[in-house]
Amino acid sequence: NNNNDDNNDDNNDNNGIQAMTSNVKYTHPLLGSGWLSSSGSVAASDAQTSVINFDSFWVEPVDSPNPKPKPDLSQGWRRWVNDMGKVGFIADISQFPVLYFKDDVCIFKFPALNVLIATRREQR
């Protein structure tokens with residue numbers, strides 16, 4: 001999981017909310033390889049908890065070493081994928097206890113699956 005953040009003042013507001021993009025590479029025997037991506041915001045609800053709010057979703061069914069930038073989501077199958085992502089996004093399970101945060105690395109717990117997730121911020 002790559003979390004991309006431009007890390008400039010345009011991506012932050014006065015409440016500590018930061019823009020966030022998440023890209024997850026997938027490989028499937030029938031569907032091939034590609035990227036599942038989403039974007040939105042991340043903020044701290046308290047000193048130990050982060051809250052993620054994704055509002056855009058897209059798929060790039062292309063086997064490439066890096067994800068492509070967010071495409072136009074307003075038409076065709078991309079609109080359908082975005083709409084389905086919005087319907088499937090569950091805000092109540094998007095609160096994550098942060099176990100480690102230093103520099104550009106964060107490790108948090110995903111309670112819904114009882115797993116730990118490590119992320120690294122990439123500068124663009």
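This is a short walk through a predicted model, starting at strand 4 and ending at two loops.

Hi everyone, thanks for coming. Please keep the structure in view as we go, and remember that it is a predicted model.

Let's begin with strand 4, which covers residues 49–60. This strand is mostly covered, with 9 of its 12 residues buried. On one side, strand 4 runs antiparallel to strand 3, residues 32–46, and 11 bridges join the two. Strands 3 and 4 make a hairpin, with 2 residues between them. If you want one pairing to find on screen, look for S37, whose bridge partner in strand 4 is W58. Strand 4 also pairs with strand 5, again antiparallel, this time through 3 bridges. There you can pick out V51, standing opposite Q95 of strand 5.

While we are at the hairpin, have a look at S38, in strand 3. Is S38 buried or exposed? It is buried, because its relative accessible area is 8%, under the 20% cut-off. What does S38 touch, leaving aside residues up to four places away in sequence? Its contacts are M20, T21, S22, F54, S56, F57 and W58.

Two of those names, F54 and F57, bring us to the aromatic rings. How many aromatic pairs does a search of the whole structure find? The search gives 5. In one of them, the ring centres of F54 and F57 are 6.4 Å apart with the planes at 75°, so this pair is edge-to-face. Both partners are buried: F54 has 15% relative accessibility, and F57 has 12%.

F57 has another ring partner, F89. Their centres lie 6.2 Å apart and their planes meet at 45°, so we call this pair tilted. F57 belongs to strand 4, whereas F89 sits in the loop between helix 1 (76–88) and strand 5, so this pair ties together parts that are 32 residues apart in sequence. Through these ring pairs, F54, F57 and F89 are linked into a cluster.

Now let's widen the view. Nonpolar side chains in soluble globular proteins tend to be buried together. In this model, the largest nonpolar core has 10 residues: M20, V42, I52, F54, F57, F89, F96, C106, F108 and F110. Which elements give two or more residues to this core? They are strand 4 and strand 6. So the three phenylalanines of the ring cluster are also members of this core.

F96 is another core member worth a click. Not counting residues up to four places away in sequence, F96 touches Q48, T49, S50, I52, F108, K109, F110 and P111.

Last stop: two residues with unusual backbone angles. Most residues other than glycine have a negative phi. D103, however, has a positive phi, near 55°. Where is D103 found? Look in the loop between strand 5 (95–102) and strand 6 (105–110). D103 is exposed, because its relative accessible area is 63%, over the 50% cut-off.

N114 also has a positive phi near 55°, and N114 is not a glycine either. You will find N114 in the loop between strand 6 and strand 7 (115–122). With 57% relative accessibility, N114 counts as exposed too.

To recap, we went from a mostly covered strand 4, through the cluster of F54, F57 and F89, to the exposed loop residues D103 and N114. Thanks for listening!

Technical notes
Residues are numbered from 1 along each chain as its sequence is written. This is a predicted model: local features need pLDDT of at least 70, side-chain atom pairs count only at pLDDT 80 or more; totals for chains, interfaces and linings use all residues. Side-chain values use heavy atoms; hydrogens and water are left out. Helices (H or I, at least four residues) and strands (E, at least two) are DSSP runs, numbered from the N terminus. Buried means under 20% relative accessible area, exposed over 50%, partly exposed in between (1.4 Å probe, protein chains only). Rings of Phe, Tyr and Trp (its six-membered ring) pair if their centres lie within 6.5 Å; planes under 30 degrees apart count as stacked, over 60 as edge-to-face and the rest as tilted. A nonpolar core is a set of buried Ala, Val, Leu, Ile, Met, Phe, Trp, Tyr and Cys residues joined through side-chain atoms within 4.5 Å. Contact means heavy atoms within 4.5 Å. Two strands pair if DSSP finds at least two bridges between them.
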